[in-house]
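Please work through the following exercises with the sequence and the coordinates open beside the text.

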Amino acid sequence: MGKKILTEHINVAGIETFDVYRKQGGYTAVEKALKTMTPEGVVEEVKKAGVRGRGGAGFPMGMKWSFLAKPEGVPRYLVCNADESEPGTFKDHYLMKNIPHLLIEGMIISSFALGANTSFIYVRGELMYVIRILEKAIAEAKAAGFLGKNILGSGYDLELVVQPGGGAYICGEETALLESLEGKRGNPRNKPPFPAVKGLYQCPTVVNNVESIATTSWIVNNGGDAYAGIGIGRSTGTKLISASGHIKKPGVYEIELGVPVEEFIYSDEWCGGIRDGHHLKALVAGGSSVPILPAELSLKLANGDPRLMSYESLSEGGFQTGTMLGSGGFIVFDETACIVRNTWNFSRFYHHESCGQCSPCREGTGWMEKVLHRIEHGHGSMHDIDLLVDVAKKIEGNTICPLGDAAAWPVASAIRHFRDEFEWHITNPFEATQPGAVYQGHMALV
Amino acid sequence: MTTEAKPTIAFTPERLTLAKEIIARYPAGKQKSALLPLLHLLQEQEGWTSPEGMDMVASLLDIQPIEVFEVASFYTMYHLDPVGKHVIEYCRTGPCCLMGGEEVYAHLKQTLGIEAGQTTADGLFTVKEVECLAACGMGPVFQIREQYYTHLTNERVDEIIRDLSA
């Protein structure tokens, strides 16, 4: 069994209530931080822990915290990004629903560290039932003296506000989220200025993912060095992986970073293998935005070494032979999956979710969807494949926010690794458009 | 053409109290932050975000009606047209489709005799296509108001429709 930091008590009956959570050692980290540590001391431990942003970007959380501007007399804000919308990702949903106090405790510690007196948890609006769970947990914590004025007699005040989104993937991008929190359309802002200098209401703001914030209780209780001792290299700690697709046991798993991908897929402790009678064809390891990999490159690096579930190992080989850990949205495809259809599906998603602010993304995502639709439906031409690569290239890096890149990568990688499948759709349109038809050509299954 | 008095909409007293509590959460002068929560409250009460309802929200927040509409029209959860009693929002994104979503959703629409975006003649059901609902390990998935329905099959869909039609 791997180390469990976030989910150790998640199956304890009643853990969603304050009393049970408290009995399991909950809120001791708030007591320790507020009574025995300085805000700077907490930041220092989080820096030592080396925990990287769990929303997908993987930026070191302690470093992000240390960028926060602290002008005199200006409020600072902490905003938790719980707008989980990346296809394949459902870990924050799982965590907030089952153990809401872990996030509340992390919010108190993190807000204290950053000197924020009002903090927000921005939850995607579709999760209204989770918002109600969080609001109940906040009321319990407040009644117990862990929120509000002069928490535990420390002189520190904190109010927590849960804010619902309205249904928009783009609001997972931190500046779009801040716009949305201000009651506007979720159009990402130009950077600089970064939120650390001008964020919510033009005040210094830190935006962190649910899972990142949830690590802080353990870090305060056990120390940053202990956290850094878990995992592998610069991929410290544990990561929640949302496993979906053609596996025996879909679900959310907390793994110590560094587990081999092969073990994660085939071990009964995690995914339990590919569903009976089928074989691994492809993997999207970190949410729909990251490059898709064929079976052999999913399990092994180009040099034949095992690929590991870590930031470094998953991106080993760059985009030629690697991918990214991203949000940990782990989507497994067996040989019944049509890569062209899936790529069209993902492109439709990005086209739908593009905010429309930057032309390369607004127009490019629409073109990619259109061209993929015609290939999938038997009307493609060979020229279309290069056209897709060209459009993807012209979106990538040319937009205000990373949605453009996120839209380009799945298309470019699908063509990079499964070009023959695209060609088959074009040269065999009749066969390819039969219900359930999937290319059975040169793919290497595992 | 006769001129009709514009219908007005007001929050119920309980919702008005809640709306005021929500507005008070934000710093002075930043009451526009309450816009998304208030639109949810409006839709919870009216079933959709009607123009009259949006005007009411605008006056509560002391902002222009167009500011409300430009926000409501950006986000997919707000229904800008009247909808049926039960709005079924099914996830059409990759992982749910890998688990047989396309077949199940086709069955759903066939059973109700409508396409995505339409409402049944009896006003009971509206079907909408939405993107990823963050429940990929439990696909195929749809949502009716706050409730998630997971691991959908044709049989399960029949059962849900039957229960909601009763």
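Three exercises follow, each with a worked solution.

The model is predicted, so local features are restricted to pLDDT of at least 70 and side-chain atom pairs to pLDDT 80 or more, whereas totals for chains, interfaces and linings use all residues. Residues are numbered from 1 along each chain as its sequence is written, and chains are lettered from A and ligands numbered from 1 in the order in which they are written.

**Exercise 1. Describe the domains of chain A and the contact between domain 1 and domain 2.**

Step one: chain A is divided into domain 1 (18–228), domain 2 (242–334) and domain 3 (339–428), with bounds that come from an automatic or database domain assignment.
Step two: between domain 1 and domain 2 of chain A, the C-alpha centres are 29 Å apart.
Step three: eleven residues from domain 1 of chain A and 16 residues from domain 2 of chain A take part in the contact, where two residues are in contact if their C-beta atoms, placed from the backbone, lie within 7 Å.

**Exercise 2. Find which element gives the largest share of the side of chain A that touches chain B.**

Step one: 46 residues of chain A are in contact with 33 residues of chain B.
Step two: the elements giving two or more residues to this side of chain A include helix H7 (128–143), strand E3 (159–164) and helix H16 (339–353) of chain A; helices (H or I, at least four residues) and strands (E, at least two) are DSSP runs, numbered from the N terminus.
Step three: H16(A), with six residues, provides the largest share.

**Exercise 3. Work out the strand order of the four-stranded open sheet in chain B, and state which strands stand at its edges.**

Step one: the order is E2-E1-E3-E4 (chain B), with mixed pairing, two strands being paired if DSSP finds at least two bridges between them.
Step two: strand E2 (125–130) and strand E4 (147–149) of chain B each have a single partner strand and stand at the edges, so one side of each lacks a neighbour in the sheet.
Step three: strand E3 (residues 142–144) of chain B pairs with E4(B) in the antiparallel sense over three bridges, and Gln143(B) has Tyr148(B) in E4(B) as its bridge partner.

As a last check on contacts, list the partners of Ile121(A) outside its neighbours within four places in sequence. These are Cys80(A), Ala82(A), Met107(A), Leu134(A), Leu160(A), Val162(A) and Gln163(A).
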